Amino acid sequence: SATAIKLAVIICTDLSRFIEMVTKKIQYNPHKEYLMLDLKRKLGLVSRIRNSIAKFDLKSDDLGFGTY
């Protein structure tokens, strides 16, 4: 699961930080590099959605974004 993967990344990349979080009950504060990976995934998703919209020649009215 995604939670297990995130825990594995935290433990493998920064074991001392993980031990400090557990022993001192400090909330997890991700490094910027983790945030960049999440941002890359989101941008990839946006790109795939845009490509699908172009592929199927959809308009904003087809998607329900046109008139409200």
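**Helical architecture, surface and salt bridges of the predicted model**

Read along the sequence, the protein follows the pattern α-α-α-α. The structure described here is a predicted model. Its secondary structure amounts to four helices and zero strands. Confidence averages a pLDDT of 78 over the protein, and 84% of the residues score at least 70. Among the elements, H1 has the lowest mean pLDDT, at 75, whereas H3 has the highest, at 82.

The protein has 68 residues, of which 6% are buried. The accessible surface comes to about 6200 Å². Carbon and sulfur atoms account for 63% of that surface.

On this surface, Leu7, Ile11, Leu15 and Ile19 make a nonpolar patch of about 330 Å². Helix H1 (2–13) and helix H2 (15–24) are the elements that each give two or more residues to the patch. One of the four patch residues, Leu15, lies in helix H2. The relative accessible area of Leu15 is 47%. Leu15 therefore counts as partly exposed, since that class runs between 20% and 50%. The value also clears the requirement of over 30% relative accessible area for patch residues.

Two salt bridges are found in a search of the whole structure. One of them joins the side chains of Glu20 and Lys24, with an N to O distance of 3.6 Å. Both residues belong to helix H2, where they are four residues apart, about one turn of the helix. The two partners fall into separate accessibility classes: Glu20 is partly exposed, with a relative accessible area of 36%, and Lys24 is exposed, at 56% relative accessibility. The cut-off that places Lys24 in the exposed class is 50%.

The side chains of Lys59 and Asp57 also meet in a salt bridge, at 3.0 Å from N to O. Asp57 is located in the loop between H3 and helix H4 (60–63). With a relative accessible area of 52%, Asp57 is exposed, whereas Lys59, at 47% relative accessibility, is partly exposed. Both N to O distances, 3.6 Å for Glu20 and Lys24 and 3.0 Å for Lys59 and Asp57, satisfy the limit of 4 Å for a salt bridge.

Backbone geometry draws attention to Asp57 again. Its phi is near 55 degrees, a positive value in a residue other than glycine. Asp57 thus combines this positive phi with a loop position between H3 and H4 and a side chain that takes part in a salt bridge with Lys59.

A positive phi, of about 55 degrees, is likewise found at Lys25, which is not a glycine. Lys25 lies in the loop between H2 and helix H3 (32–55). The relative accessibility of Lys25 is 75%, and the residue therefore counts as exposed, the class for values over 50%. Asp57, at 52%, is exposed as well.

Taken along the chain, the features described begin with the nonpolar patch, to which H1 and H2 contribute. Helix H2 also holds the salt-bridge partners Glu20 and Lys24. The loop between H2 and H3 contains Lys25, with its positive phi. The loop between H3 and H4 contains Asp57, the salt-bridge partner of Lys59.

Technical notes: Residues numbered from 1 in each chain as written. Predicted model: local features only at pLDDT ≥ 70, side-chain atom pairs only at ≥ 80, totals over all residues. Heavy atoms only, no water. Patch = residues over 30% accessible without salt bridge, like charges linked within 9 Å, V, L, I, M, F, W, Y side chains within 5 Å. Areas by Shrake-Rupley, 256 points an atom, 1.4 Å probe, with all protein chains shown as cover. Buried < 20%, exposed > 50% of the residue type's maximum accessible area, 1.4 Å probe, protein only. pLDDT = per-residue confidence, 0-100.
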